[in-house]
Amino acid sequence: MCLELTEKYKARVPIAWGAFIDKSVHYVSTGDLAQFLFKEQPDSPKPHEYYVAHRLMSNDCVYFEETSRRHVFRCRTLKEVSERRRMELSNNSDSTIIFLHRVVAWLKKRSYNMSGAKLPSLPKIGDIDLKWDVVADKSFIDEISSYALVPPGHQPNSKIYSKYLKYLGVGDMPRGAFDLLVRLGVYSKHQNVNLLRYPHKLDFTPQQNKKYADLSAILDRPIDFIEDHRQVSRGPLVVDRDFEVRRDLTHVTPVLAIDEDINGNEIDDAIALHTKNGKEWVIIHIADPTRAITPNTELDLLARQRACSTFLPEASFSMFPLPLARNNFSLRQGKTNYSLSYAVTLAEDGSIDDYEICPAVVGAVTALSYNDADGMLNGVKTSKKTRQSVTDSLTRLRELADLRKAYRVRKGAVVLDMPSPQIRVADEDEPQIDLVVRYDYDSPSRSTVQELMIMVGEVSALFAKKHSIPIPYRTVDHTRSKSDASDTKVTAPNPLLAGYDKFMKLVEQIKKMGQLPQAVNEINPGKHSALALDQYCHATSPIRRYSDLLVHHQIKAVLRGDKPPFDKTKVVSIMERLAETSSSLSRLTQYSQRYWMLKYLEQKEDVAQSVWKSLVLSVSKKFSFGGAQLQVMLLDLAFRTTTFLPRVPEQGDVLFLKIGEIDAFNNVLRFEEV
């Protein structure tokens, strides 16, 4: 509302100034301007009208000047106003004025209403080309873009408004500048502004893609483990730095790679069973990019700079160039693969009895989606193409993963079973937004894979601790819990929640969520209390996370009999830089998911009338004037967000909410209780 009123009354600022000057009033307050602007409104001025008046006077560069007194402004003299208007126009160089005319001419040709545009006269410098050219006008476009992409809550550069936007009649709000750029074809209407605001380039350049596609072809030569395996180098990349200690595990089958998208994703891991000398071994194969990457070389530094792969609803950005990530480093179907393999035997109680780690060559994997794997585990009849050995192996792996999980739970592991929304955007110009609510606790194959990956993290940390290898350990210290769980009151679910049995578990999870301290990276081994492990690290995603790649570099050096390439001081330095970049990318991911969720809601035809059953996850702040800031989950969408209510509900209450205001561009979502 305030933004609309600011735009509506902006044209009356010169009129108000003239009225004050005529009455010989030299100093005015925001209240004076509010009374002038809103004098025809009943019960004016209201609090939001004071805010509008203050915003108008603060943003004005011609008629009013701020003073040292709060909310008091000086009316500039007629001479000052004339001079400032002349200077404002002279600041626009000839090229800027020509650019403004080109913009208006181009938009008028496309039937856009430009009646609000008031352009300065064209300079008399001969023939002027008014043909629109995005490339030639890039410097102007970049300035307007910087104005349009100012994050919500921040003030845009008023000089850019004075230079361009005031003449084009699009208002002084960033949204007006963004809409102008959409009309000019610079951006699409629904483009994710969070991605546009991100300061670093996530795509690889065409030159990089070409270079690494050529290297991919070099590395793509089929593995012959018996002959020619000692050919260590092909061109600028090493083929296999670990050939002397690599073991042939191609006889261990079937090898199961279970993932969300088995065709498009980078496949980091696969699992198998093997019986040797009467002992049953769980085999976890992890992709092995470090076999071809020497520490501190170009490709290693490139991955370190990027920190991790980034997955947004509308696009994904790999840590490595895609030809390498998907063709050479991933564990793929129909080919022999390199891996860093973990073999683990479990005791009867689920604890680790014995383990081995070795670089290996792995036979072709059998790729399964989580849905397919869940079907097998739930007894759904499989296709004739699926071998019985696949189903048998998967079933036994699930049993062992359940044994392992039960062991951790007995030791105090915290198991969170929160649903999560999965958003996919098919077409950014006219987006087709698909939303699926995922329940990990309903997927036995997800639970199996997650548990075995946790086990790899523990084994890696055990090995590193045993050999005094500096790595980034992941720790969670329960002694630093946010508060005592016994102090948290959680009410029983409202009977109106009938039909939402899956969400009944949410109430049980609320306490756990509130008490968990944040996991941190440490150079020294320490407890991960949430997982109930004495030591733990990330080691299962070396294609997607540089911290995992770093762990592989360190461990494999020791397996080869070498000294780890990074000492303790260097690992700490790398960890600090990774933390900064990863945090920035994490925020980008969170903001982007929220942006597309808001877009999804905006596109609903009945969004204003829809009632959303919502669970109060926490009461984050109570206000002295009444009401509270809440974190809630919209149950149908598994969407967590914050909202203000004029009353204070209890944690665990179920509310019925309607959307009062929504604006994805400005990250605004406000609810009202029904």
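**Exercise 1.** Find which residues P323 touches, not counting residues up to four places away in sequence.

*Solution.* Contact means heavy atoms within 4.5 Å. By that rule, P323 touches Y212, A213, S216 and N328. Next, place P323: the residue lies in helix 13 (residues 322-329). Helices are DSSP runs of H or I, at least four residues, numbered from the N terminus. Last, take K210: its C-alpha atom is separated from that of P323 by 9.5 Å, with the two positions 113 residues apart along the chain.

The model is predicted: local features need pLDDT of at least 70, side-chain atom pairs count only at pLDDT 80 or more, and totals for chains, interfaces and linings use all residues. Residues are numbered from 1 along each chain as its sequence is written, and side-chain values use heavy atoms, with hydrogens and water left out.

**Exercise 2.** Check the span of helix 6 (residues 94-109).

*Solution.* The expected span is 1.5 Å times one less than the number of residues. Helix 6 has 16 residues, so 22 Å is expected. Its end C-alpha atoms are 23 Å apart, which agrees. Just after helix 6, S111 takes a positive phi of about 65°.

**Exercise 3.** Describe how helix 7 meets helix 9.

*Solution.* Their axes (lines fitted to C-alpha atoms over the stretch in contact, with angles from 0 to 180 degrees between N-to-C directions) come within 7 Å and cross at roughly 140°. Angles under 35 degrees count as roughly parallel, over 145 as roughly antiparallel, 65 to 115 as roughly perpendicular and the rest as oblique. Helix 7 and helix 9 are therefore oblique. Helix 7 supplies I141, I144, S145, Y147 and A148 to the contact, and helix 9 supplies P174, A177, F178 and L181.

Terms used. Helices (H or I, at least four residues) and strands (E, at least two) are DSSP runs, numbered from the N terminus.
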